[in-house]
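Open the structure in your viewer and keep the selection tool at hand. The tour goes from aromatic rings to a pair of helices.

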Amino acid sequence: MTERAHLAVVGAGPAGLAGALAAAARGVRVTLVDAAGQAGGQFYRQPAPALNARRPQALHHQWRTWRRLSDALARHITAGRITHMPDHHIWCVQIESGSFALHALLGPAQEEGVTVRADAVLLATGGYERVLPFPGWTLPGVVTAGGAQAMLKGGLVLPGRTVVVAGTGPLLLPVATGLAAAGAEVAALVESAAPAALLRRAPDLAAQPGKLAEGAWYAGQLLRHRVRTLARHTVVEAHGTDRLTAVTVAALDRTGRILPGRTRRIPCDALAVGHGMVAHTDLAETLGCTLSGTEGTAVRVDDEQRTDVPGVWAAGESTGIGGAALALAEGHIAGRSAAARLHGTAPDPRALAGAARARIRLRAFFAALDTVYTPPAGWADRIPDATVVCRCEEVTAGEVRTAVRALGAGDLRTAKLLTRAGMGWCQGRMCAPAVAGLTGCPLTAERRPFARPVPLGVLASLPDDPHREPDSDMSHPMESGTDS
């Protein structure tokens with residue numbers, strides 16, 4: 001063991017990598033803990049080594065950035081400055097005896113536990129997809145847009161031969177173009193947002209010409225692969241018995257409502273669907289970090305990416321959805337700030353200036369996109385009562401509506417208690433947006449003691465710590481060195 005300050009970074013995506021590298025370069029001992037088998041996160045997801053991919057760069061449009069990050073990580077690991085712990089699933093972070101204890105489950109089976117102790121923590125936990133239900137969305141062949149991308153990047157497999165990509169948000173573009181380039185027939189790209197909405201935000205979007213050029217490149221790829229784009233349309237039903245055979249899409253009016261008589265059926269064997277992203281805040285909530293952002297579902301941070309819990313930083317999608325470039329900037333700021341604070345000083349503002357400017361511009365850009373890529377109006381009213389909304393517990397939309405109308409459920413927690421929606425393995429990550437829409441409640445985060453299901457044997461093996469600080473007092477030795 002060394003007496004150097006120790007920073008634990010949770011998540012090895014763009015934000016986590018940037019933060020770990022910045023801190024390690026400034027003399028901090030870093031442990032990089034990640035649930036995946038390889039560093040990179042979803043954005044830089046790599047094919048499994050056993051697949052012997054000959055051209056993995058074909059799956060990425062920022063390959064040079066990934067190589068720079070990957071090479072730097074390898075150098076720091078070789079030098080002993082970073083310890084990389086893949087296949088470690090963090091289920092809880094606690095403050096114990098003046099330090100942080102990060103409890104993890106090991107490997108795919110997640111039946112064995114391990115605890116990592118550190119002086120400070122950087123949460124770079126990313127986000128997960130929001131999928132709004134519709135009849136047939138549980139059929140085999142229906143996957144999330146990010147799931148389709150993960151299958152292609154990580155497994156070099158397609159979700160189907162004829163694919164429809166649908167929903168709303170910037171993620172649909174790389175998913176559609178990536179699947180088409182890999183040999184799938186993308187029958188349609190179905191986007192509920194209207195092109196006119198983008199034009200109305202043109203001044204805000206023009207501040208990021210690189211992003212506009214990226215969007216133009218994707219548009220060119222769609223033309224090259226002859227992908228039909230159906231703007232201001234939405235999927236209203238997926239068809240099939242044992243698996244998906246077709247989807248029905250409907251045109252939307254200017255308010256997002258379905259236009260009567262404007263539907264079409266598209267044959268396909270796979271549907272990749274997503275309606276934006278939600279910040280992953282479970283660990284931050286466990287620590288008592290304040291949430292902010294849209295509907296209070298992102299971790300609130302200051303200009304150094306510090307949360308209001310001393311010794312805890314957050315960066316990337318967990319602080320608000322904004323893409324890889326923003327995550328890199330935030331991770332770099334967080335890593336430099338953590339290194340300085342652990343050494344008992346404040347970071348040099350001049351050293352953070354470049355990343356800070358990029359952060360401001362990118363946040364403004366994605367704030368403008370958020371106003372464009374929103375779920376179509378009235379989507380919850382269109383879900384038939386028989387449609388399953390919570391797949392883990394098989395709760396239907398009708399049961400949720402009954403809990404509201406007949407039993408008086410006025411918030412997500414009460415709806416969960418009355419229907420079991422959100423009590424399954426995913427703990428509401430998939431169904432919470434749908435339940436919120438059906439109940440008319442805001443999509444607010446819930447503070448949970450555990451970020452994922454934990455075997456009782458792992459809990460029983462944890463040693464008792466009489467010095468553990470109570471949840472109501474999240475004080476930390478670094479508190480005296482924290483300023484606004």
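Which residues form one aromatic cluster with Phe-43? Select Phe-43 together with Tyr-44 and Trp-66, and the cluster is on screen. Keep in mind that this is a predicted model.

Stay with Phe-43 and add Lys-153, which lies over the face of the Phe-43 ring, 5.4 Å from its centre. Next, select Trp-137 and Arg-391. Here Arg-391 lies over the face of Trp-137, at 4.8 Å from the ring centre.

Searching the whole structure for aromatic pairs gives 5 of them. To view one pair, select Trp-217 and Tyr-218: the ring centres are 5.3 Å apart and the planes stand at 70°, so the pair is edge-to-face, an angle over 60 degrees being the cut-off. Is each residue buried or exposed? Trp-217 is partly exposed, with a relative accessible area of 47%. Tyr-218 is buried, its relative accessible area being 6%.

Now select helix α7, residues 209–224, and helix α4, residues 172–181. Their axes come within 10 Å and cross at roughly 35°. The crossing of α4 past α7 is left-handed. To see what makes the contact, show Leu-173, Pro-174, Ala-176 and Thr-177 on α4, then Tyr-218, Gln-221 and Leu-222 on α7. How many of the residues in this contact are charged? There are none: the contact of α4 with α7 has 5 nonpolar and 2 polar residues. Tyr-218, from the edge-to-face pair, thus appears again here, on the α7 side of the contact.

Notes:
Residues are numbered from 1 along each chain as its sequence is written. This is a predicted model: local features need pLDDT of at least 70, side-chain atom pairs count only at pLDDT 80 or more; totals for chains, interfaces and linings use all residues. Side-chain values use heavy atoms; hydrogens and water are left out. Rings of Phe, Tyr and Trp (its six-membered ring) pair if their centres lie within 6.5 Å; planes under 30 degrees apart count as stacked, over 60 as edge-to-face and the rest as tilted. Buried means under 20% relative accessible area, exposed over 50%, partly exposed in between (1.4 Å probe, protein chains only). A charge sits over a ring if NZ of Lys or CZ of Arg is within 6 Å of the ring centre and within 35 degrees of the ring normal. Axes are lines fitted to C-alpha atoms, for helices over the stretch in contact, and angles run from 0 to 180 degrees between N-to-C directions. Helices (H or I, at least four residues) and strands (E, at least two) are DSSP runs, numbered from the N terminus. A crossing is left-handed if the near helix is turned anticlockwise from the far one by less than a right angle, and right-handed if clockwise. Contact means heavy atoms within 4.5 Å. Ala, Val, Leu, Ile, Met, Phe, Trp, Tyr, Cys and Pro count as nonpolar, Asp, Glu, Lys and Arg as charged, and the others, Gly among them, as polar.
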